[in-house]
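Let's take a walk through this structure together, one part at a time. Have the sequence and the 3D view open as you read.

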Amino acid sequence: MKNLSSKRKSINWLKIFSNTFFVYLYAPIAVLIIYSFNDNRIAQVWTAFSTKWYLKAFNNEDIQRAIINSLKVAGVATIVATLFATMAALVLSSKRFRGHGISNAIISLPLLVPEIATAVATLSFFAAIEFPLGLTSIIIAHIVFCIPFAFMPIRARLSGMDQTLQEAGRDLYANEWQVFWHVTFPLLKPGILAGAILSFIISIDDFIISLMVAGAGATTLPLYIYSMIRLGVSPEINAVSTVLFCISVTAIIAYWLVSKQNEEKVHVH
Amino acid sequence: MNDINAISVKNVEKIYGGGKQAVTALKDIHLEIRDREFFTLLGPSGCGKTTLLRLIAGFEQPNQGEILLFGDHLEGLEPYQRPVNTVFQSYSLFPHMTIAENISFGLKMQGKMQKEISSTVAEMLELVKMAEYGERMPNQLSGGQQQRIALARALAPRPKVLLLDEPLSALDLKLRQAMRHELKRLQRDTGITFVFVTHDQEEAMSMSDRIAVMSQGSIQQLDAPETIYERPCNEFVANFIGDVNLIDASVSEFQPGKLVCQWAGSQVVAANTATTADLSSENRVRLAVRPEKLRLVTKDQGQTNAQVTESMYMGTDRYITVTCDHGENLEVRVQNSDVSGEVIQEGDTVGVFIPELSAVALTDQQSGLS
């Protein structure tokens, strides 16, 4: 009996600890979201529920432009990075390709390089080749750092795939292109989708690199929020940040659903 | 019947890797597989049997030699250009397609009409007795069912030759035995040449018209199952297929098909397919005797006397180990059909009798596998 009760006690401690941890983790976000619905002009003083800051934010042309810029950058960067990552994963998984160990490492390395270093390097590079800073420069930079994120789930999906499936396809009168289209690609799709969502999440809230390589008129949403906050915390910022937060959460949920499906499908004999 | 062989393998050699790490998987293989034959490549893992199958399918290219399919050269043809299909060891059904889509895949790639495809798919499902399963997904089927679908998928395009790469090895014993009958029936019903790869000698014996026993990249013996068992050409084949006693004797006389030998001071007449030239200079010969061919008789009635050291009751048989007077141990199998109640006990002294032609002279020493 004594053992049992002490065991119960330790479980309670664990619960308290983990609950505290979750509060610590999510309280700031909760505060942000709650105060975005605050009627008061002073962000920290609660008066009544209102959605007026959302309306105000959406009617702000600068914010509209920033959201559109962010979606453009994330959209293009996601598509191009996923395309590159898929091709890289396919090449690296083929038996004919030698030295895939080192190539895998090179592709994954940017994940570990400090972002500020990448940001400065990208800016110096653009300066060196006299590339004009603007939306295009942001897109190019985003494509580059999104590739490793897109690559990881695709590569994982490919290496979990039974290689004899491709052989079975070739054996059944499908040429290389048909094998890719009818066998490899449908099985790879969840991995590609996961890679694309991951790229999108990474791109939409990137700040450091975007700050360095953005030119005049190429303000993305995180950059705009940062510029607003220098004038003080307003409920409008809370509203815009909440929107950005929701975009990311939606993408993360999508990623989670896709990777769950991924696991289920890989475990087919 | 067609006079042309379904498959001719000529001088085929396959080497993996290069330089010092080169591994010879197949050396100088000659092989002819007849039309409508159930042909088995049998051997331990690493003997080259699967490599040979992959060369026929086109997944690998030989370093030397050529392979012909009904007289046509296969060289330079991709797997999808060869009218042969493979049943893979792991089934390899496409997990994202239904059973019907799996079976129709080959037909679709061949550009068959939709009408013909659906009727063939129905026919194939009927053939493997899984008519109601067309709309299921592969992961909803058991291993045995997946195996049947893999067969149906490979048979659907009506290949000229069906290649089977250890298709039964992932199934449990009962299912494996049932599938043997199933495979034999499918081969009869379709009239397609089957090339079957296995390491299971029982599987090979029960299904095949002819067996090629392989070891270390070469064919040791190619014959009908009975001949392989009754007349193994060398020690490897004798040992690999069933149990065997190997005894050394000296040759005293050649007769057509026979070899008169001296063993333990008595005469043994062994079956012999070789000529004098195949025997070593000292006239020594190794004989193979199956345990069930040996007879235990009353003392002094056989070629030698022996003491029973072990007697194991196995139901249909009794496995008996005897030690001969000159020290050699022999395994004997006695069928449990004697109702007199006389049982051979451990410690009994008996006579060992090797009936005429029940021993086989192992004359083919070229493989050097002793």
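## A guided tour of two chains

For chain A, the radius of gyration is 23 Å, whereas a compact globule of 269 residues would come out near 18 Å. Keep in mind along the way that this is a predicted model. You can also picture chain A through the extent of its C-alpha trace, which spans about 75 × 70 × 30 Å along its principal axes.

What is chain A built from? It has 11 helices and 0 strands. Reading from the N terminus on, the elements of chain A run α-α-α-α-α-α-α-α-α-α-α. Of the 269 residues in chain A, 35% are buried. Contacts that link remote parts of the sequence feature here too: among contacts in chain A between residues at least 6 apart in sequence, 78% join residues at least 24 apart.

Let's visit one residue in the first of these helices. A:Tyr35 sits in helix H1 of chain A, which covers residues 2–36. Is A:Tyr35 buried or exposed? A:Tyr35 counts as buried because it has 20 C-beta neighbours inside 10 Å, and 20 or more is what being buried requires. A:Tyr35 also lets you see how the chain folds back in space: A:Ser234 is 199 residues away along the chain, yet the C-alpha atoms of A:Tyr35 and A:Ser234 are separated by 9.5 Å.

Another tyrosine of chain A is worth a stop. Where is A:Tyr173? Look in the loop between helix H7 (164–171) and helix H8 (176–204) of chain A. The phi of A:Tyr173 is near 70°, a positive value in a residue other than glycine. A:Tyr173 has 23 other C-beta atoms within 10 Å, so this loop residue is buried.

Now move over to chain B, where a phenylalanine offers a similar stop. B:Phe70 is not a glycine, but its phi is positive, at about 45°. You will find B:Phe70 in the loop between strand S4 (64–69) and strand S5 (72–73) of chain B. With 15 other C-beta atoms within 10 Å, B:Phe70 is partly exposed, because a residue in that class has over 12 such neighbours but does not reach 20.

Chain B also has a pair of helices to look at side by side. Helix H2 (residues 99–109) and helix H4 (residues 143–155) of chain B pack with their axes 7 Å apart, at an angle of about 30°. How should we describe that arrangement? The angle makes H2(B) roughly parallel to H4(B), because angles under 35 degrees fall in that class. The crossing of the two helices, H2(B) and H4(B), is right-handed. On the H2(B) side, the residues that meet H4(B) are B:Ile99, B:Asn102, B:Ile103, B:Phe105 and B:Gly106, and their partners in H4(B) are B:Ile149, B:Ala152 and B:Arg153. By class, the residues of this contact divide into 5 nonpolar, 2 polar and 1 charged.

Finally, see where the two chains meet. How many residues does the contact take from each chain? Chain B provides 21 residues and chain A provides 18 residues. On the side of chain B that touches chain A, the elements giving two or more residues are strand S6 (84–87) and H2 of chain B. H2(B) gives the most to that side, with 3 residues. The side of chain B that touches chain A has 12 nonpolar and 9 polar residues, with no charged residues. So H2(B) appears twice on our tour: it packs with H4(B), and it gives residues to the side of chain B that touches chain A.

Methods: Residues are numbered from 1 along each chain as its sequence is written. Chains are lettered from A and ligands numbered from 1 in the order in which they are written. This is a predicted model: local features need pLDDT of at least 70, side-chain atom pairs count only at pLDDT 80 or more; totals for chains, interfaces and linings use all residues. Helices (H or I, at least four residues) and strands (E, at least two) are DSSP runs, numbered from the N terminus. Axes are lines fitted to C-alpha atoms, for helices over the stretch in contact, and angles run from 0 to 180 degrees between N-to-C directions. Angles under 35 degrees count as roughly parallel, over 145 as roughly antiparallel, 65 to 115 as roughly perpendicular and the rest as oblique. A crossing is left-handed if the near helix is turned anticlockwise from the far one by less than a right angle, and right-handed if clockwise. Two residues are in contact if their C-beta atoms, placed from the backbone, lie within 7 Å. Ala, Val, Leu, Ile, Met, Phe, Trp, Tyr, Cys and Pro count as nonpolar, Asp, Glu, Lys and Arg as charged, and the others, Gly among them, as polar. The radius of gyration is taken over C-alpha atoms; the globule rule is 2.2 Å times the number of residues to the power 0.38.
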